Amino acid sequence: MQLTSELIIKLALTIAVGFIISFAATPIVKTFAQKVGAMDVPGEARRVHDHPIPRMGGLAIFLGFLLSVLLF
């Protein structure tokens, strides 16, 4: 498969849309994780952070990937 300028532009646009969607969805998913209670609260010796961390960050990345694939 030869890389043409049209294909390169389409790939770059797909990656850019995925990034923008993931970037925009991250605060929304963070708020959703706090409402649902999907938080990693420190307390055990294995957990190195000092404040609660939302555990659903992968959802924003997945949404960005899925929507960019479906759009293009």
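Of the 72 residues in the protein chain, 17% are buried, a value that refers to a predicted model. The radius of gyration of the protein chain is 17 Å, whereas a compact globule of 72 residues would have one near 11 Å. Along the principal axes, the C-alpha atoms of the protein chain fill a box of roughly 55 × 25 × 15 Å.

**Secondary structure and contacts**

- Two helices and two strands make up the secondary structure of the protein chain, and their order, read from the N terminus, is α-β-β-α.
- Among the contacts of the protein chain with a separation of 6 or more, 46% join residues that are 24 or more positions apart.

**Surface and charge**

- The exposed area of the protein chain is about 5800 Å², and 70% of that area is supplied by carbon and sulfur atoms.
- The protein chain carries 6 positive and 4 negative charges, and the mean positions of these two sets are 5 Å apart.

**The aromatic pair**

- The count of aromatic pairs comes to one, formed by Phe19 and Phe23, with 5.9 Å from centre to centre and 20 degrees between the planes.
- This pair counts as stacked, because planes under 30 degrees apart are classed in that way.
- Phe19 and Phe23 are four residues apart in helix H1 (residues 5–36), so that about one helical turn separates them.
- Phe19 counts as exposed because its relative accessibility is 56%, and Phe23, with a relative accessible area of 62%, is exposed as well, the cut-off for exposed being over 50%.

Terms used. Residues are numbered from 1 along each chain as its sequence is written. This is a predicted model: local features need pLDDT of at least 70, side-chain atom pairs count only at pLDDT 80 or more; totals for chains, interfaces and linings use all residues. Side-chain values use heavy atoms; hydrogens and water are left out. The radius of gyration is taken over C-alpha atoms; the globule rule is 2.2 Å times the number of residues to the power 0.38. Buried means under 20% relative accessible area, exposed over 50%, partly exposed in between (1.4 Å probe, protein chains only). Contact means heavy atoms within 4.5 Å. Accessible areas come from the Shrake-Rupley method with a 1.4 Å probe; for residues, only the protein chains shown count as cover. Lys and Arg count as positive and Asp and Glu as negative; His and the chain ends are not counted. The place of a charge is taken as NZ of Lys, CZ of Arg, CG of Asp or CD of Glu. Rings of Phe, Tyr and Trp (its six-membered ring) pair if their centres lie within 6.5 Å; planes under 30 degrees apart count as stacked, over 60 as edge-to-face and the rest as tilted.
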